[in-house]
Amino acid sequence: MSSPSESTWPLLPSEFGNSAPSAYGASLNTDDTPESISRNVLERNVLRKLDFRTAYLVLIYILNQMDRSNAAAARLYGFEEDLGMKGTQFNTLISSLYIGYLFTQIPSNMILTRITKPSLYLSSCMSLWGLLTTLIGVFCNLTRVNLKWTATHKEGISMNYYQALASRFLVGFLEATFFPGTLYLLSRWYKREEIGYRTALFTAAVGFSNVFGSLFASGILATMEGVLGYAAWRWLFLVEGYLTVFIGICGMFILPDFPSSPARWLTSAELSLARKRMEEDLRGHGTAEPNPSSGFSDFFSVITDWSAWLIATACACCYASLSFNLFFPTLVATMGYSPAISLLLCAPPWFVSAITAIIVARHSDATCERFGHAVFALSMLITGYILAMSTMNITVRYFSLFLMAQAQVSNAVLLTWISNTFAHSSSKRAVAIGFISSIAMLGSVLSPYIWVSSWGPTYNNSCCICIALASIVIILCWIFRRHLQRLNEAAEAEERELRLPKGYRYLL
């Protein structure tokens, strides 16, 4: 086995030497010894098998995003009218999903540090939120096919709205376990220079879900109106809910557990290397395994760290600035096309967005740089909003939606940066991810009220608010970067003074 200095990936590009990364992250060098070549081959096998398993998380997240956005698609086919919603009630329905997130993310990640089977935990939660999604279609049973607008129905319409509201809240309560749990799971398997690309692939599911979700919703909503006496939007909730349950059950047998647990899909040598990789990655900054401290001490440590509040606020503003994706079908519909055409036009911007996310994240990993890539994505977002405000011309407005969609990668870069930074121990990292995700979700809770229908069809006020929020994100990220830069400079000065070898460095 090669020494750690020979087998560990360098943190900065200047340290790469003559080595070049392979397709799966192992370092290949013409001067490698037989031992290091053996490790490189073994490491590629580990990453290939791991990538196959974690790719299933992308499929789960696609369905997760489809469950989030199905109300926006259903809105084009009478969902709002059938439930008798008025004023901002639809916005409240969208917001209720994210309120559920606030209560679950931190305790869920604390639970993850205490269990050995995250595959069962995350998959079970997915199956349950899929089941609850179907209940929206079951309980909200007034349809335009059999609805008689009489005074006797007024109370029933109101009750159906509150049933949908309660169901959406509970769906969010369960969905909240998945996103921070997945980020934590990835951080337990992948090294710092590998996780950005994987996180981008994971969050690119937002783009894929909007591509396939729009096509999927268009097919159901356009063809199943009146089938068995049910409205088409009701079928949308039923079909997507049952599909989520099925994928969740399959996930119990596919998703990986932690490296500290037995893994039948890895050989003993591969599992040992997977554990060693994480120890090397965090050398000088804590251990890769959960520490014996209590979850409450980790929680207290995080909430007293001002930098955690800073980056959490940045994430909350980022989520709110990206809120256009919650109302993407509505924004496309402002161009004047039919509901079916509007849903089909939602797909191309998100297809390009998924490709952009992968390219930007891959470059961010290769350069070990986060701030500049986040600013690049947010700049595209601001440009898109400015174009949308400037005209109602169909071509320009559709192009502005393309630019907005490309900015989704900024979220992936920020999340990767968080995972890279709060790496003192795996348990504290889990709490930090849960805490920051919870604070960030406040942005999603408030997002629906940025896009009130009375501001349409131009939504200029909404665009102005989002531009301001994106600008705040850039400022907060610059402050966070300066903080990390000072910590790196202090560490470097200490190493020079004590003549120590180069240790841990924060990515900027």
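**Cavities and a helix pair in the predicted model**

The second largest cavity in this predicted model has a volume of about 130 Å³. Its lining is made up of 15 residues, and those closest to the centre are Ser69, Ala73, Gly213, Ser214 and Pro329. Three elements give two or more residues each to this lining, namely H2, H9 and helix H14, which covers residues 328-333. Of these, H9 gives the most, with 5 residues. Sorted by class, the lining of the second largest cavity holds 7 nonpolar residues, 7 polar residues and 1 charged residue.

A reader new to the structure may like to see where this cavity stands among the others. A search of the whole structure finds 7 cavities of 30 Å³ or more. The largest cavity has a volume of about 300 Å³. It is lined by 18 residues, of which Gln65, Arg68, Tyr98, Asn325 and Gln408 are the closest to its centre. Helices H2 (34-75), H9 (205-223) and H20 (426-446) each supply at least two residues of the lining of the largest cavity. Here the largest share comes from H2, with 4 residues. The lining of the largest cavity divides into 8 nonpolar, 9 polar and 1 charged. Helices H2 and H9 thus appear in the lining of the largest cavity, and H2 and H9 also give residues to the lining of the second largest cavity.

Attention now turns to a pair of helices. Two packed helices are described by the angle between their axes and the distance between the axes. Helix H7 spans residues 178-187 and helix H8 spans residues 192-203. The two pack at an angle of about 155°, and their axes lie 10 Å apart. Angles over 145 degrees count as roughly antiparallel, and H7 and H8 are therefore roughly antiparallel to each other. Their crossing is right-handed. On the H7 side, the contact is made by Phe178, Phe179, Thr182, Leu183, Leu186 and Ser187. On the H8 side, the contributing residues are Ile195, Thr199, Phe202 and Thr203. By class, this contact of H7 with H8 comprises 6 nonpolar and 4 polar residues, with no charged residues. In the lining of the largest cavity, by comparison, 1 residue is charged, and the lining of the second largest cavity likewise includes 1 charged residue.

Conventions. Residues numbered from 1 in each chain as written. Predicted model: local features only at pLDDT ≥ 70, side-chain atom pairs only at ≥ 80, totals over all residues. Heavy atoms only, no water. Axes fitted to C-alpha atoms, helices over the stretch in contact; angles between N-to-C directions. Parallel < 35°, antiparallel > 145°, perpendicular 65-115°, else oblique. Left-handed = near helix turned anticlockwise from the far one by under 90°. Contact = heavy atoms within 4.5 Å. Nonpolar A, V, L, I, M, F, W, Y, C, P; charged D, E, K, R; others polar. 1 Å grid on protein atoms, 1.4 Å probe; cavity = no way out; pocket = protein on both sides within 12 Å on 5 of 7 lines; lining within 4 Å. Points joined across faces, edges and corners; volume = space filled by probe spheres on them.
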